[in-house]
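Could you walk me through this structure in the viewer, telling me what to select next and what is there?

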Amino acid sequence: MVNFFAKIKIVLKSSLKDFVFNWKQMTYYKTGCREHDFAVLRTRCHMLDKALNNPFFEKGHSMSVYNEAKEKIEKLKEFFPDDPAFIWSQGVLEKFEKSQITGIPEIVRRKAIDYSVEEREIIKKFITSRTSCRNFLQKSISDQIIKNIIYFAVDAPNGCCRQTSRFYVTQSSEIINCLVPNIAGITNFTNIQGLVAVCAESSFYALKDKNLQYVDASLSAENFILAAGMYGIYGTMCNFFHASPKQVASCKKILSIKETENIVMFIAIGYPVYVPEKPSRQSLHKFYKIIR
């Protein structure tokens with residue numbers, strides 16, 4: 001009987017979380033927030049771009065998607081005229097409009113990069129050199145290097161071009177000391193030079209896509225870690241899923257993170273005192289199966 005009521009409690013709690021998520025998403029959508037409208041514009045243009053690259057393209061299809069994108073772009077043109085994603089969206093709409101007249105999409109066809117054996121070895125060495133590091137020098141990281149790293153981080157794949165990953169970066173020892181007690185995944189560090197909160201703008205996802213935000217943010221975080229390695233900066237991704245509501249609220253307050261942005265993880269970064277030995281992976285055959 002105890003087991004039964006425990007299960008009911010879990011179901012009700014999960015249902016309530018879904019209700020709250022959906023309510024917040026709908027409320028945010030109804031406010032007409034420009035950032036939300038911009039996300040909708042990107043997703044719709046992403047759909048149109050897929051249609052234009054479809055080898056079996058037929059004009060007249062996807063008009064409802066086009067009409068929604070056109071409405072959004074007119075609404076937003078005075079707010080994001082120089083944003084690269086907005087300019088890209090304009091280009092997609094122009095190509096789609098032309099395709100409705102000619103029946104033939106104008107698309108850019110790029111050739112795949114053919115890496116040499118030597119280049120592949122360099123790339124292999126770079127990617128496999130990544131390892132978690134918890135001992136950092138007291139050496140600051142320049143703002144320009146951080147920007148360079150985030151440039152690569154946000155280039156990661158993301159669901160329907162929503163582009164929801166957000167990075168809050170601090171090298172303030174005072175702020176870091178306030179954050180650390182709230183993050184269960186931060187253990188065995190001798191010094192943390194920088195701390196990065198990797199967040200996802202949750203309002204850009206409908207309820208059925210709510211878990212995609214964690215995938216998108218994690219892909220960006222992987223790019224972040226790899227890009228940091230180019231500058232001799234190492235780091236460790238720190239688990240934040242065990243955080244209590246109080247700890248989440250505390251971290252958000254300290255870093256001024258928006259209510260609609262979810263903290264997915266923290267990354268501790270810095271120039272390493274030394275690079276530790278990397279744990280070995282299991283035998284390769286454990287990780288895949290080829291189906292014929």
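Here is a short tour, stop by stop, through a predicted model.

**Helix α3.** Start by selecting residues 63-76, which form helix α3. Its 14 residues reach 20 Å from first C-alpha to last, close to the 20 Å expected at 1.5 Å a residue. Now colour V65, Y66, A69, K72, I73 and L76, which are buried. Look down the axis: these buried residues fall within an arc of 130°, so they line one face of α3.

**Salt bridges around α3.** The structure holds nine salt bridges. Select K75 and D37 for one of them, where the closest N and O atoms are 2.9 Å apart. This pair ties distant parts of the chain together, with K75 in α3 and D37 in helix α2 (residues 34-52), 38 residues apart. Are the two partners buried or exposed? K75 counts as partly exposed at 38% relative accessibility, whereas D37 is buried at 1%. Next, show E74 and K77, whose side chains meet in a salt bridge at 2.8 Å, N to O. E74 is partly exposed at 39% relative accessibility, and K77 is partly exposed at 45%.

**Across to strand β2.** Move on to K258 and E201, a salt bridge with its closest N and O atoms 3.2 Å apart. K258 sits in the loop between α9 (245-255) and β4 (261-270), while E201 belongs to strand β2 (residues 194-201), 57 residues away along the chain. K258 is partly exposed, with a relative accessible area of 36%; E201 is buried, with 1%. Before leaving the salt bridges, select D37, E71, K72 and K75 together: bridges that share partners join them into one network.

**A nonpolar patch.** Switch to a surface view and pick I113, Y115, I123 and I127, which make a nonpolar surface patch of about 380 Å². I113 lies in the loop between α4 (84-102) and α5 (117-128), and is exposed, with a relative accessible area of 63%.

**Backbone angles in a loop.** Which residues should you check in the loop between α6 (143-153) and β1 (165-170)? One is C160, found in this loop, with a positive phi of about 55° although it is not a glycine. Q163 is in the loop between α6 and β1 too, and has a positive phi of about 60°, again without being a glycine. Most residues other than glycine have a negative phi. C160 is partly exposed at 30% relative accessibility, and Q163 is partly exposed at 33%.

**Last stop: cysteines.** How many disulfides does the structure hold? Zero. Select C33 and C178 to finish: C33 is partly exposed at 21% relative accessibility, and C178 is partly exposed at 42%.

Note on methods. Residues are numbered from 1 along each chain as its sequence is written. This is a predicted model: local features need pLDDT of at least 70, side-chain atom pairs count only at pLDDT 80 or more; totals for chains, interfaces and linings use all residues. Side-chain values use heavy atoms; hydrogens and water are left out. Helices (H or I, at least four residues) and strands (E, at least two) are DSSP runs, numbered from the N terminus. Buried means under 20% relative accessible area, exposed over 50%, partly exposed in between (1.4 Å probe, protein chains only). The expected span of a helix is 1.5 Å times one less than its number of residues. The arc is that of the directions from the helix axis to the C-beta atoms. Patches are made of residues with over 30% relative accessible area and no salt bridge: like charges are joined within 9 Å, nonpolar side chains (Val, Leu, Ile, Met, Phe, Trp, Tyr) within 5 Å. Accessible areas come from the Shrake-Rupley method with a 1.4 Å probe; for residues, only the protein chains shown count as cover. A salt bridge is a side-chain nitrogen of Lys or Arg within 4 Å of a carboxyl oxygen of Asp or Glu. A disulfide is a pair of cysteine sulfur atoms within 2.5 Å.
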